[in-house]
Structure formats: structure tokens, C-alpha cells
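Let's walk through this model together, one contact at a time. Keep the structure open beside you as you read.

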Amino acid sequence: MDTFFLAIGVILVAGILPLTISRQFNLMKSSCLLLMAAGCVIGLSEVLSFLSNSGEAAAANWAWLQIFTLSFKLDTISAFFLIPVFLISPLALLYSFHYLEKPEQSTRTALNYFCYAILVASMALVATANNIVTFALAWELMSLSSFFLVVYEYQAKETRRAGYLYFIFAQGGAMFLFAAFGLIYSHTGSFSFEQVAAIPENIKLLVFILAFIGFGSKAGIFPLHIWLPHAHPAAPSHVSAVMSGVMIKMGIYGIVRIYSLLGSVDMTFAVIVIVAGMITGVLGVVYALGKQDMKKMLAYSSVENIGIILMGLGIGMVGVASGVKTMAFFGFAGAFLHVFNHAIFKSLLFMGAGAVLHKTGTRSINQLGGLMKRMPTTGRSFLAGSIAISGLPPFNGFIGEFLIYFGAFQGLGLHGLPFVLTTLTIISLAVVGGLATACFTKAVGLAFLGEPRSEAAAKADEAGFTMQLVMVLLAASCLLIGIFPEPFVQLAFNGMRDLNLVGAADPGLFLTLVRNIAMTASLFLALIIGITLLRRMLYVRKQVERGPTWGCGFTQPTVRMQYTGTSYAMSMVDFYRPFVPAKTVYSGISKIFPGLTTYETRVEDLAEKYIHRGLIRPLVKYLHKLRWIQHGKIQLYIGYIVLAIVALLIFI
Amino acid sequence: MESIISFGIAMLAAPLFPGVILKMKAFWAGKKGPPLLIKYYTFFKLLKKGSVYSNSTTFVFKMGPTVSLGAAIMALLFFPLGGTAPILAFEGDVILIFYMLALGRFFTICAALDTASPFEGMGAAREAYYSTLAEATVFVILVLFYRLSGALSFAEFFSGPAPITVMGPAGALLLLVIVSLFMVLLTENSRVPVDDPATHLELTMIHEVMILDHSGPDLALIELGAFYKLFFYAAFITHILHPLQYGAPWVNGLVFYGIMALIYAAVGLTESIMARFRMNLVPKFILTSFALVFFATILTMGVIK
Amino acid sequence: MIQLADAFLAVILLSVLLSLASNRLKALVKIMALQGIMVSLIPLFLAQHQTLEGGALLLMQVMILIKGLLIPGMLFMAVKRVSIRREIEPIIGYHASLFTGLMLILASAFITDRLQVAMPGNQVLLMITAITTLSAGLFLMMSRRKAITQVIGYLMMENGIYLIGTALAKQTHTMYVVEFGVLLDLLVAVMVMGIILNNINSAFDDVDTGFLEELKD
């Protein structure tokens, strides 16, 4: 445990140091980077050695303010969720070395690094917190620091709006969490996590639902995902990479933690999680298809992946509830592994989108094109990330999904509700898989392939060195995990060791399974290489020419005739019309010689629309009547405070 | 050893069967039709040619044919062809195989988008759309098969203790599966009534328009991949139609290829009597296939309890 | 014998799905004819109805006649005579209807599971089919615009009720009598509909039920 705190300390120093030496821009960046890397390596080594040794969970307690105890505990679940924290954070920081390259903004960069370090440290603390107070503190710290990271470019109105939206969701979610914690406290009379299992069964369900909403708003479960597609595009790319790749997983961690603490094997929990997962997964990917803003699309795709992870957890819970051990095991293992994999490829994709944004100044897929030639490294790594996130072999995304599938299939022998749930999960996974493929062929095919659709895209050049380096590293690890999944799957299994409900399953079955997949993946790669060589041979001494694309008889094609992201996705989005309202603005053609006409279609978010219509608008309407309270006279404000204190003293 | 020979025969024979479709269509049209071996002739003709590449394309364009062919070959490696055990098999291989095929599609779509042609983009969008629907059907079929056989591998489906066949106890359900699988076959392999590769207008195509810019050996590889994919789906149906459990391997093989020819003939018949659907009716077609199998799955819930 | 009954029930369920997905009126009427015949034949294959007496048999034959020929025939005439446009004009689209149909089957399976009614022949699938047909009929009435589809929906509901009766009843007599009464009602309904359709058609040049809204003051 001491090593862990040492790592946190080093990370915090890495945050504070830039504030003092912000004048030397490059020195500041590299020193922060080095310290962060050192801290994360220390943390990672501690976590990995803890996971690989079957040691007891380590704990530490500190008294704080005399009344509270800050209590930390490192068990295998925490350790597993700490891996992405310590792995992705330094890489994203390395990426930012060439991403934040304006020396005139050195103070702001320093502040950014400070908040970044706080975020990393607080995420690590969230994962190890072992009582209510500690958890709440770390959770709030995480929300606040990430809020400041989001509003990095605070001059833009859009960014501020996104920041406020995020803030509201973070705090609203936290309120639900506190409600859940309050319920726990009122029944156990203790802040400690250890006694949570003692509360009565009917309260457990309520606690779980409250906590699920609270954690769900952080993780981005539909319909609480609204902040994601606003906050991610607004934040700088290294921040979106960490937020999307790592931070929203803390919501998942929370769900797993509260589930394991409650220790209840009720089927209702499983139903909640699995249904939320299916809705989140399918709608997330459909919205991702409908969005033409690259970072928005990636944000929605995070929503989708949270859905997949939830489906995995749900399958695991169904397995626990109905006593099918293999199902429970594979479900949780798949979800855990997907948490890890998603951290890798989602941060990779955000970095790729960031590089494109950095070099072209636009995030709109409809303005891009042909970047594969101009940014070869970015393009290739983005391609790898896209295959991985579509869950296709031989990349890492497939392994997690495969385990979830396998777990779900084990549940098909059940009757009644569990059977229906697992069947629907399998169908949802298949639909999500297909749509994700469509979504990321759109991203790769329209942004990186074809011809540039705008001046900016035509003039783009390759991103800076550290950006390339990080992307190549991540892309390589995507492929590596896909081909040699065994140690990583083992890691996920080790991570589940402290998930007591699941229990230990026979490792033989899935080790052979994973080996088989690995074998097939390498066989496939060999086959592809073989066919490529064959193809090479077929082209020996053949005439190979270059020419324009065949225009089907049309002789003067322009780049604007290419399919755009909107047209590519239109029919698919159309299919889900009732759930995906699209707004079309068309001025129409009226005269015989029509003048300028406009046509615009935009996919709207169902949740956003209805939350605005059903919650915000009435709320604003009623709260407006209370406006007189806020009049701007400071003396009266102080009066309010005095009144409040008096009232509190009297009644409590 | 037997498996490898069987696999080799399948690899060689796959281009023969599309010829059956052509013959069948010609027969119904009252024509003589091209020779049965026509696909071999075109294949070798294409191999001899050179290629023209579009200026817009990158390496992804060249990976399209390679990966789609590789994926189709992988699918056949895991399939019990002609009554022999597949070369490779493990629990869960079906999921892997359908994801492999999806990978092939990923690259075909990307290769099409790489040419910057509006027509190929259109084809790509349609292919992506229809395959998302067909994928759901396929996975419900897997759910049903798991319900029936308790296995997740092609080898187990058809040669395990309770082989899946129309002759078996759940025959009525499997009839539904066969119909819907046939519909998936038509969709995934771009046949009439989903897609008509033989029309004169690129606007109305799906798969054929995506590979417009491929030429020479590249095109040959794509065609070969398409033959294997069609072969895979047809073999899938064949096994459900008739279990291959005769003693001698050559009898198995003969029966297998006989039924295969019948299925290809059925494809040809469908193409002769139907016209291509309007594009907005295709989703309904695929959804019908989904409804059929989903329905069969629900029945397993009520009946086989 | 049980196997054959199951096959028939499967066909009935399929016909329900088909009717939800079909976009042509004529096809819909044909499907309903098929469904009517199938539904009327079901008691033949059920163990508890094995001993059919003369009267019951006669009733059944009449039923096949009415459900399979008479009503569909009249509907067909209505479609032709009134020259209704062939498309069905759904309020809820075909895809969504198809999905709803599947969900209805699923829900019926659940309800049957929950109800735990004592069925003499313990025909689970029969109960599932019955509830699905009933609710799909309601759904059809709800989700289609034309007057004629309302009648078809009603017809389907009636089929469902009949199936429920078959599943629950131990003996055949009483049930058939009641059923027959309902059937006669239905026949009258179809006739009335024919007349009304004719009148609506001459008054509005269309048979959209939406036009009926104009009748309210």
C-alpha cells in the first residue's frame, strides 16, 4: 500500500511542479511528463505485482478532522481498474506534449497539467477508497478536476456550456450517490464499506438503483449520457482520451463495487443492468452513426461501449442469480476485459481525432477525406483502432465481446426471464457489432480515405512526433492483445478474484478457449500475409497503371459528389427513426428557375429532447417565480445564511 | 487427412457452382447459357491481366480483396464439408467465424470508400446497412442451434450427439431456419431479390458497384472470396437439410455436392422468378428472416420445456 | 397427433406475423382466410376434443365455411367493389409492426407461464397462440387506418377468442354454441361494414377512417 501512496505522491508533485516553472514551457512539459510517467510506472508495478500474486487485500487508514477516517483498500477489483488509470494517463500526457504547443498559453497549460494530475490521483483514490467519506471525497475531486479540464478553452461559449452541462450531471449524479450512501449509513450506522451487506434486502434494491443512477450518470448510461457528446468535443483531445477511456470506467467500477458490497443475488439487479446495457448499447451506436462531428461520434461510441460492458456485467449477474457458474464467470470476465480494451482503443481514437482536429481545424467528417495519404501514421493507427472498436478479430475488441457472447450463450439453457434476457442480449450484441462496423467504416472511409472534401483537409500534414508515437504504441497494443490475449485475460480473471459472488471457475475451459482464439487470430494473419504475397506474385511483370476513378460514365466528377457521412448513415439511422428523431430543414424549390436552396438534417438526441422538454422547461418555469430571492444585495444574503444556521440549530 | 482433402475439393469446386446458377437462369429464360465452367475461365482470364488503380486509392484499397478472401477461407476451414470433420474446430468458433466475415466486409467497404466514387459510396452504405440486419438473424440462428444442440461450433452442430437436421425432432422449427437462412444467403451474397449484379445501372446495385474499380487479379481474388462465401452459406443449409452420416466418405461427398447443386439451383430459380426488390423493401425482407428464426426460438421456449 | 397440432399452431402464429407485415389488402384477406381455416381445424387435433359428435362436427364445418370462405369472400368483394386502394396505409410502420408481433409472442409466452391455468390438454403453445392472435388483432385495429383493416383486426381477435375457448374448454358442446353466436355477430358486422364502406366511399371518395372524424360536430 505504501508504494501505491508513493505513486500518488509523485503524480501530485507532477501536477504541482508545472505551476512553479510555467515560464520554461518545454521544461515544464517534460518535467511534468517525466514525473507523471515515474508515478504511473510505480503505481502500475505495484498493481500488477499485486494482481499476479495471490496476496491479501492491503488496507490503510488515516484519521481526518478527528471525526472521519480516510480508509483505503487495494483489492483485486480496484487493482484491475487501476491498470487503465496508470497506463493511459502518462501516454495521454505524452501525446499532449505536441498537442498543447502554444508557449504563450503556458500558464493555462500548467493549470491544465495540475488539474490533470489531480484527476489521475483522484481516480486512483476512487478505485481504492474503502469507506463512504473517502469515496465521496475522491469522487467529488475527480468530478471537479475533470470539469476544469473540460473548460480548458473557456473563451468559447460552446465549451462553457458543455462544461456547465457536465458539472450539472456530475453533481446531480453525486446527489443520487449520496442518497444511496445516506441510506446505507442510516441502516448500518457506520461509514465503512465492510458492513454494507448487512442492510435489509428490500433496502438493498433501492440502494442499488440510486447508486446505479449516480454511477450511470458518470459512465454515460442512456438517458444520463447527455453530457458526454458535449463535454468530449469541448475538452482538449488528451483530456477526452482520458475521460472517455478511463474516467467513465470509474462509473462502471462503482457499479461493480456496490454490487459486490451489497452481496445480493437478486435477479432484479441483473434485469436493471442488462436492460440499461441493451438500450445504452444500441442507441449509443445509432446516435454515433448519426453524428458527423468526429469527437461527438466517438463520445456516443463510448456510450455504446459502456452498454456492452453493462451487458457483460448483466450476463454475469444473471449467471450469479440463476447459479450458472460459467455464465457468471464469462460475463464478468468479458466486461472487465472490455473495460481494459476500451480504454486502449478509445483513447487511441480520440487521439487520432485530436490529431486531425489539430491539423485541419475541423471535426466534421463531411469536411475531411483523403487524410490517409497526408497523415499516414495517424491514419493507420486510426484504422487499427476502428477495427478494434468494431469488435473484429484479430484485434483486442473481439476478445472481450467474445467472452460476453460465450457467457450469454451459456445462459440459453435457462427458462423464463433469464432465457429471454440472454437471447435479447445476444441479439443486441450482434446488432451493436454490426452498427459499430458501419459507424467506424464511416469514420475511416470518409475521413481518411477518398478525396479531401475541403481545403483544410487537402493541406493537412502529419501530427507531431509524440502524438504519432503514442498512437502507434496504442495501435500496436490493440493488435498485440488480439493475437496474444492470454496474459490479459488472465489479468481480468485475477481482477475478479475478490468478486466473491462469482467464485472461482474452472480455468481450463477458458484458457483453451482463449488459446484457440489466439491460434485462429495468428492463423488468420498468416493467411492474409500469404494471400498478400500471392497477390504480389500475380502482379509480377504485369502492367499496372494509375488513373482517375471510374465515374460510371460521368466525365467530370468533383470531390463534392462523394458520399458524405450523412448520406452514408442516413438509411441506417432512418431505420431506427422512432428512437432517433432527425430534424430536417429544407427550404424547398419553388420557382421555375430555382434560386439558392438549403437542406439540413440533424440527428437529435431523444434523451436530450425529452429531458429538456419534460424536466428543464417546467423546472425553469417554476423556479422563475423564486427569482425574487436573488436580488443582488449582499447584506440580505448574509441574512439568509444567518437564518439558515439558526433554523438548522433549532431543528437538528 | 480426410478433412484436408475435403477442404481442397471444396476450394477447387466452389467456382463451379455459380455456373449452376447461370445455367438455371438460362434454362428458365429458354436460352442455352454460358458453359458450366465459365467462372473458371473468367478467373484465369482476370489473373492474366494487369490493373488500373485510381489516383485516390491507398493501401486499404488493395487490402479489400485480400482480407475478404482470407475471411471466406477461414470460414470454410471451420466448416464440416461433405461429412468430414472440419480442419479446425473449437467451442465458440461460430462467433469467431461470423466476426471474421464481418472483418472481410469492413475492408470491402473501406476499399469502396477509398475510391472517392459516389456510386461506390452508395453501394458501401447499403452493404453496411443490410449486413447489420442480417447479422441479427444469424445470431438468433446460433441461439436456436445452441438451444437445440447445446454447442457453439459447426462441428458439434452437425456431427455431435444431437445433430441439427430437419429429420430430427425439431424438424418443423428447422424448416423455418432453412427459409430464413436462405434469405440471409441471398442477402449476404448479393443475389436477386436483394441485389442484382447484372443490371445495367450502377445506381441500383449493392455489391457489384463496390468493386467497380478493382481490376485484374484483384478482381479475381474478390470473386474467389465471393464464391467461397456463397459456398459457406450453401453448405450451412445443406447440412441442416440432410445429415451426412453415411459410412463411406465418398457417399457423403456425393450426397453433399448433390444437395449443394440443388441449393444453387434454387438460388437460380429464385433469380428467374423474382425481380430485385425496391431498396426500401430489402430491410423488410431481411427482417422477415429475422422474424422467422426469432419466432422459432420463442417456440423452443414454449414447446421444448 | 400432438405434433400436428403444434405445426398448425405454428402456421397460425406465422400468419399473424405475416398479416402484420403485409402491405397489400388482398394478401391480407387471403392470409385471414388461411388463418380462419387453420383455427377452425385446431380442435380436430386436440386430445381432449377427440370425441367429436355429429353436432359439433357440423358446427365445425359451417365454421370453416364462414371463416374460410364467406367472410374473406365478402371482404374481397368489398375491396373490389369499393375499389379501395391496394396499399394498407399503416399508422405504425411494417417493421415496427413486425417487431411488435414478435414481442407479443414473447409476452404471450410469459403470460401463459404466469397464468398457470389448468388446461385440460396442457397445450402451452395453444394458449400462447391464442393470446398472441387476440392481442395482434387488437394491435392491427389500432395501427391501421382503413375501415376494412379494422374489421380484419376484429376477425383476428375473434380467432384468438375461439382459440382461448378451445384451450380452456373441457367439452366441446357449449363452447361451440357460444362461439357460433359470436361468429354470426361477426358475419353481420362484415355485412354492415360492406354497406357502410359503400356509403363512406360515395360520400368521401375514400375509405380512410380519418374522414369519420369529420362527422363529429
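In this predicted model, helix H3 of chain A, residues 76–99, packs against helix H12 of the same chain, residues 325–360. Their axes lie 10 Å apart and make an angle of about 10°. Angles under 35 degrees count as roughly parallel, so H3(A) is roughly parallel to H12(A). Sorted by class, the residues in the contact of H3(A) with H12(A) are 21 nonpolar and four polar, with no charged residues.

Now turn to chain B for another helix pair. Here helix H2, residues 16–28, meets helix H11, residues 249–273, with the axes 8 Å apart and an angle of about 45° between them. H2(B) and H11(B) are therefore oblique to each other. As H2(B) passes H11(B), the crossing is right-handed.

Which residues of H2(B) meet H11(B)? On the H2(B) side you will find Phe17(B), Pro18(B), Val20(B), Ile21(B), Met24(B), Lys25(B) and Trp28(B). Their partners in H11(B) include Tyr257(B), Met260(B), Tyr264(B), Leu269(B) and Glu271(B). By class, this contact of H2(B) with H11(B) has 13 nonpolar, two polar and two charged residues.

Next, step back from single helices and look at how the chains meet. Between chain A and chain B, the contact takes 76 residues from chain A and 77 residues from chain B. The area buried between these two chains is about 6700 Å², and carbon and sulfur atoms give 75% of that area. On the chain A side, Phe409(A), Arg535(A) and Arg546(A) lose the most area to chain B, together 10% of what that side buries.

One of those residues, Arg535(A), deserves another look. Its side chain meets the side chain of Asp218(B) in a salt bridge, at 2.6 Å from N to O. The count of salt bridges between chain A and chain B is one.

Finally, move on to where chain B meets chain C. How many residues of each chain are in contact there? Chain B has 16 residues in contact with 21 residues of chain C. About 1600 Å² is buried between chain B and chain C, and carbon and sulfur atoms give 83% of it. The count of salt bridges between chain B and chain C is zero.

Definitions and conventions. Residues numbered from 1 in each chain as written. Chains lettered and ligands numbered in written order. Predicted model: local features only at pLDDT ≥ 70, side-chain atom pairs only at ≥ 80, totals over all residues. Heavy atoms only, no water. Axes fitted to C-alpha atoms, helices over the stretch in contact; angles between N-to-C directions. Helix = DSSP H or I, 4+ residues; strand = E, 2+ residues; numbered from the N terminus. Parallel < 35°, antiparallel > 145°, perpendicular 65-115°, else oblique. Left-handed = near helix turned anticlockwise from the far one by under 90°. Contact = heavy atoms within 4.5 Å. Nonpolar A, V, L, I, M, F, W, Y, C, P; charged D, E, K, R; others polar. Buried area = accessible area lost by both parts, 1.4 Å probe. Salt bridge = Lys/Arg side-chain N within 4 Å of Asp/Glu carboxyl O.
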